[in-house]
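Welcome! Let us take a friendly walk through this protein, from its overall build to the space inside it.

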Amino acid sequence: MDPSFDLAVWKYLYLMSKGKTLDGISRENNLSLASLLRKIRALEERLGTPLLTNTKPLRLTEDAVKCIPEIEKLNQSHKELLNCFNNGQIKPKCIQFAVAPGSLSAGEVNLVLMEFSKLYPAIEFQVEVGPKIQEIVEGSWEISTFTGELNSPDLEKLSRGNATYIPVASPLYIKRFGLPKDPAELINHFCAVFRGKSRAETTVLEKDGRIHPVRYQRCIKSTDILFLKNLVLQGQAIVIDLPLGHCAEEIIQGKLVPILDGWHRKSEPLWIVTSKKKWKEQHIRIFMQWYSQTWRNLLKSKARQVLPFIKPNTYKAIFNPEIRDR
């Protein structure tokens with residue numbers, strides 16, 4: 001199991017924040033100290049962030065301490081839900097959940113929902129293509145993901161991190177048509193352009209505070225990000241705004257290469273959203289809190305995995321400080 005899905009490890013970190021020692025925690029939970037440390041180290045490796053200091057006695061790092069409030073919410077929500085089930089207060093629930101078509105087709109949302117279902121088997125999902133913000137406001141839908149600025153007094157939202165967009169091309173395309181290093185060179189290239197409900201079409205790129213408009217020689221536009229990605233993988237086009245989640249593995253495998261020397265679409269906030277009325281329902285809160293934390297961890301992990309395969313200046317220009325400086 002993915003270590004970030006192990007609620008017990010998050011509980012152990014929370015207990016340490018309350019002054020309990022690793023020895024005490026291992027005894028109380030009928031767990032050897034070695035096993036406890038392995039679980040925490042596995043979570044550290046998954047997150048790419050130290051959680052325990054290197055000096056004895058082992059204590060929480062500053063990064064771990066900063067996350068304690070969120071860990072406390074997660075543990076409390078889990079405890080409340082179990083109590084309700086044990087008391088027979090909750091019947092099986094079905095959550096209506098809308099996500100961007102590209103994220104749904106890529107499979108990562110599916111895997112995350114399957115992990116949640118292992119923890120809460122009495123909660124089921126009706127998953128459809130979104131976003132469905134207006135439907136949430138109107139009360140005909142329950143939860144949706146969203147990308148970009150979102151300010152509405154009718155909604156409750158939790159952060160899922162930030163969308164990072166990477167301009168990429170395949171080695172085959174670069175061999176045939178050259179490597180564009182500046183937005184002005186896009187006028188000489190064929191580009192795959194995303195234009196869908198989940199986010200607006202990219203019209204400008206930025207780097208170090210500078211802005212440059214986008215102009216292509218030719219382009220093909222689509223609402224299907226995976227269709228466009230396949231064009232790029234086949235060496236037929238380049239794309240200037242492929243989300244990190246759709247290209248990290250291919251960059252690591254050498255199938256895609258970052259281009260434009262750090263010029264990129266501006267990072268955007270990612271949300272999971274519900275109505276104020278639905279937020280009062282416990283199973284909705286528990287899922288949203290769990291999903292938001294899990295998605296942030298997933299994005300951070302991908303960013304750190306891809307770091308060795310991107311030029312330092314490009315990585316620094318594109319990625320947020322909270323990821324790149326660790």
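Accessible areas here come from the Shrake-Rupley method with a 1.4 Å probe. By that approach, the protein chain exposes about 16,200 Å², and carbon and sulfur atoms supply 51% of this area. Please keep in mind that the model is predicted.

The protein chain holds 15 helices and twelve strands. Its radius of gyration is 22 Å, which agrees with the value near 20 Å for a compact globule of 326 residues. Half the chain is hidden from the outside, in that 50% of the 326 residues count as buried. Among contacts with a separation of 6 or more, 73% join residues 24 or more positions apart.

Now for the inside. A search of the whole structure turns up three cavities of 30 Å³ or more. The largest cavity has about 460 Å³ of space. Its lining counts 30 residues, and Ser103, Thr147, Pro243, His246 and Leu270 lie nearest the centre. Helix H13 (282-306) is one of the elements that give two or more residues to this lining, and H13 supplies the largest share, five residues.

The lining of the largest cavity divides by residue class as follows.

| Residue class | Number in the lining |
|---|---|
| Nonpolar | 18 residues |
| Polar | eight residues |
| Charged | four residues |

One last stop is cysteine 67, in the loop between helix H4 (62-66) and helix H5 (68-86). Is cysteine 67 buried or partly exposed? Cysteine 67 is partly exposed, because its relative accessible area is 35%, between the cut-offs of 20% and 50%. Cysteine 67 and lysine 300 are 233 residues apart in sequence and 14 Å apart in space, C-alpha to C-alpha.

Technical notes. Residues numbered from 1 in each chain as written. Predicted model: local features only at pLDDT ≥ 70, side-chain atom pairs only at ≥ 80, totals over all residues. Heavy atoms only, no water. 1 Å grid on protein atoms, 1.4 Å probe; cavity = no way out; pocket = protein on both sides within 12 Å on 5 of 7 lines; lining within 4 Å. Points joined across faces, edges and corners; volume = space filled by probe spheres on them. Helix = DSSP H or I, 4+ residues; strand = E, 2+ residues; numbered from the N terminus. Nonpolar A, V, L, I, M, F, W, Y, C, P; charged D, E, K, R; others polar. Buried < 20%, exposed > 50% of the residue type's maximum accessible area, 1.4 Å probe, protein only. Rg over C-alpha atoms; globule rule 2.2 N^0.38 Å. Contact = heavy atoms within 4.5 Å.
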